[in-house]
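Hi everyone, thanks for making the time. I'd like to walk you through a structure that is new to most of us, and you can follow along on the screen.

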Amino acid sequence: MNEGAIRVGAFAGVLVLMAVTEVAAPRRQAGPLRIQRWPVNLALVALSSVVIRIVTPVGLTGIAAAVGLLGWGVLPRLGLPPAATAIAAFVALDLMVYLQHRLTHAVPLLWRLHRIHHSDLVMDTTTGVRFHPLEILVSFGLKALAVAILGASPAVV
């Protein structure tokens with residue numbers, strides 16, 4: 001099985017599990033217009049997925065593999081044990097995602113893209129996947145740059 005199928009399967013599985021749990025055992029009263037909001041939010045996910053696949057034919061693990069073959073990246077050059085390198089890459093990539101999110105709130109141009117995530121009428125399972133397709137592209141580019149600079153392995157990515 002390839003990386004793309006694993007990622008899509010895991011994403012869809014968790015999303016469906018969360019949505020079913022939310023409907024079956026709500027922690028609060030259902031928000032208004034779920035029947036109208038969910039299709040819109042899920043359509044944004046689908047659109048973003050199509051856009052990212054068209055624009056970036058190679059995923060982040062492919063970029064990590066290419067970086068490894070080219071010998072790029074800071075972390076492999078440090079001579080750390082493989083486990084320490086993997087942990088450092090994982091933490092650094094997670095920190096980069098956090099900093100990227102902070103930037104989407106602080107930089108006006110990025111906020112214009114990110115605010116679609118915060119403009120949902122009710123917070124629920126689908127709110128967590130509601131992003132502008134251009135924000136997804138920016139996010140991918142930043143993550144790809146971080147993978148290349150760090151020299152993160154495909155397994156970590």
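**A walk through the chain**

Let me begin with the outside. The accessible surface of this chain is about 10000 Å², and carbon and sulfur atoms hold 74% of that area. Please keep in mind that what you see is a predicted model.

Now, what is the chain built from? Going along the sequence, you meet the pattern α-α-α-α-α-α; in other words, there are 6 helices and 0 strands. If you draw a box around the C-alpha atoms along the principal axes, the box comes out at roughly 55 × 40 × 30 Å. The chain has 157 residues, and 31% of them count as buried.

How do the parts of the sequence meet? Take the contacts with a separation of 6 or more: 74% of them join residues that are 24 or more positions apart. As for charge, I find 12 positive and 6 negative side chains, with the centres of the two sets 4 Å apart.

Next, the empty space. Rolling a probe the size of a water molecule over the atoms is a way to see where such space is left. Let's take the open space before the enclosed one. The largest pocket holds about 1400 Å³. Its lining is made of 34 residues, and those nearest the centre are R7, F11, I136, S139 and K143. Which helices take part? At least two lining residues come from each of α1 (3-24), α2 (34-55), α4, α5 (108-118) and α6. The biggest share is from α4, which gives 8 residues to this pocket.

There is also 1 cavity of 30 Å³ or more in the structure, and the space in it is about 40 Å³. If you want to find this cavity on the screen, look for its lining: Q100, T104, L110, E135, V138, S139 and L142. Two helices, α4 and α6 (133-150), each bring at least two residues to that lining. Here α6 is the one that gives the most, with 4 residues. You may have spotted S139 in both lists: S139 is among the residues nearest the centre of the pocket, and S139 lines the cavity as well.

Let me finish with three single residues. The first stop is A92, which sits in helix α4, residues 82-106. Is A92 buried, partly exposed or exposed? Its relative accessibility is 25%, so A92 counts as partly exposed. Along the chain A92 is 54 residues from A146, yet their C-alpha atoms are 8.5 Å apart.

The second stop is A152, in the segment after α6. Why does A152 count as buried? Because its relative accessibility is 1%, and the cut-off for buried is under 20%. Setting aside neighbours within four places in sequence, A152 touches A64, A89, L93, V147 and V157. There is a long-range partner to look at too: A152 and L75 are 77 residues apart in sequence, with 7.3 Å between their C-alpha atoms.

The last stop is S49, in helix α2. With a relative accessible area of 38%, S49 is partly exposed. Where is S119 from there? S119 is 70 residues away along the chain, and the two C-alpha atoms are separated by 20 Å.

That's the tour, and I'm happy to go back to any of these spots on the screen.

Note on methods. Residues are numbered from 1 along each chain as its sequence is written. This is a predicted model: local features need pLDDT of at least 70, side-chain atom pairs count only at pLDDT 80 or more; totals for chains, interfaces and linings use all residues. Side-chain values use heavy atoms; hydrogens and water are left out. Buried means under 20% relative accessible area, exposed over 50%, partly exposed in between (1.4 Å probe, protein chains only). Contact means heavy atoms within 4.5 Å. Accessible areas come from the Shrake-Rupley method with a 1.4 Å probe; for residues, only the protein chains shown count as cover. Lys and Arg count as positive and Asp and Glu as negative; His and the chain ends are not counted. The place of a charge is taken as NZ of Lys, CZ of Arg, CG of Asp or CD of Glu. On a 1 Å grid over the protein atoms alone, a cavity is a set of points where a 1.4 Å probe fits but cannot get out, and a pocket is an open set with protein on both sides within 12 Å along at least five of seven lines; lining residues have an atom within 4 Å of a point. Grid points are joined across faces, edges and corners, and a volume is the space filled by probe spheres set on the points.
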